[in-house]
Amino acid sequence: MNADAVVLDIDGVLVDVADSYRRAILESIECVHDRTIRREDIQQFKDAGGFNNDWELTYAAALYVLATGEGYRDSIEAFTDGIAAEGGGLEAAETVVRDAIGARATRRVEDRWDPDRLRDVFQQLYLGAELYRGLEGGEPDLETRGFIHDEPVILEADTRDRLLEGYDVGVLTGRPEAEAEIALDRVGLDDAVPAEHRFTMDDWEEGKPHPKALTTLAERFDTETVVFVGDTLDDVRTATNAAEVDPDRTYHGVGVLTGGLTGDAGRRKFDDEGATAVLASINELPDRLVRN
């Protein structure tokens, strides 16, 4: 691939979040609602689209759990297929539940559904008590170490250095800014990628796969060709959408198999979304790039 700039997602690309963010999804629902989904179900929500924000994925999965107690009988696969058909995201999940079980049962579900508590528990589990106090500004009611400390680094130092030496490097992530800084510091990119070359949850409302952040980074780099590397189908869709709204530039969506999509099945899903390339990990990227 020819490239002038490389834009990187964080989760599943630079660091492994299987035992941090994804664990927090499962355990938050269990803590608040006494039941939860399976770890492998998380990817079905991701594939449905519109769940770049893991808090909203948690809310949608909790909604499913509660709906099954009010007569909802479809599988997670059917539920997430319905979400995809409705355009993806949390509002689509609410629509699927309402259409399936009716208004009265939906009201009973909503009376028990507690997104605010789910988010608070999620942050306590993910950050741990000490970071929670500093970043959330409150006193935790769960004394936890924090899953954030269980995020192995994927990005190798040599890969990082080759990318920084050869290309403009940006970051586009669904993490809040403070949590993005922690991860970027861990992989050695915090000082190397200035604020104007980053988009976090705090910088835009739309979220992936909306192309605004990616096209804005391309403009700031004043570049003709951008490679965006992510671990979800929405990451590839972001690059595709950017190409549609900004046809004067070339956008390559690259999938990596170090997130929830893995193996041959993951590769096929990326290919079906039109990924320019599918890599075993970010560490294969420098050998696949040529500077324009």
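Contact here means heavy atoms within 4.5 Å. Keep that cut-off in mind as you move around this predicted model, where local features need pLDDT of at least 70, side-chain atom pairs count only at pLDDT 80 or more, and totals for chains, interfaces and linings use all residues. Residues are numbered from 1 along each chain as its sequence is written, and side-chain values use heavy atoms, with hydrogens and water left out.

**The whole chain**

Start with a cartoon view. You should find 11 helices and 8 strands; helices (H or I, at least four residues) and strands (E, at least two) are DSSP runs, numbered from the N terminus. Along its principal axes, the C-alpha trace spans about 60 × 40 × 30 Å. Buried residues (under 20% relative accessible area, against over 50% for exposed and in between for partly exposed, with a 1.4 Å probe and protein chains only) make up 54% of the 292 residues. Among contacts with a separation of 6 or more, 71% join residues 24 or more positions apart.

**Two domains**

Next, colour 2-16 and 152-291 as domain 1, then 18-147 as domain 2; these bounds come from an automatic or database domain assignment. Their centres, taken over C-alpha atoms, are 26 Å apart. The contact takes 18 residues from domain 1 and 19 from domain 2.

**The largest cavity**

Where does the largest cavity lie? Both domains give residues to its lining, so it lies between them. A cavity is a set of points on a 1 Å grid over the protein atoms alone where a 1.4 Å probe fits but cannot get out, and lining residues have an atom within 4 Å of a point. The whole structure holds 3 cavities of 30 Å³ or more, and the largest contains about 290 Å³ of space. Select Asp-11, Lys-46, Phe-51, Asn-52 and Asp-54, which are the closest to its centre of the 23 residues that line it. Then show helix H1 (21-33), helix H3 (54-67) and helix H10 (233-245), each of which supplies at least two lining residues. By class, the lining has 7 nonpolar, 6 polar and 10 charged residues, with Ala, Val, Leu, Ile, Met, Phe, Trp, Tyr, Cys and Pro counted as nonpolar, Asp, Glu, Lys and Arg as charged, and the others, Gly among them, as polar.

**Last stop: Glu-70**

Now follow the chain past H3 to Glu-70, in the loop before helix H4 (76-85). Is Glu-70 buried or partly exposed? At 23% relative accessibility, Glu-70 counts as partly exposed. Leaving aside neighbours within four places in sequence, Glu-70 is in contact with Ile-101, Ala-105, Arg-108 and Val-109. Finish by drawing a line from the C-alpha atom of Glu-70 to that of Thr-106: they are separated by 8.0 Å, although 36 residues apart along the chain.

Terms used:
1 Å grid on protein atoms, 1.4 Å probe; cavity = no way out; pocket = protein on both sides within 12 Å on 5 of 7 lines; lining within 4 Å. Points joined across faces, edges and corners; volume = space filled by probe spheres on them.
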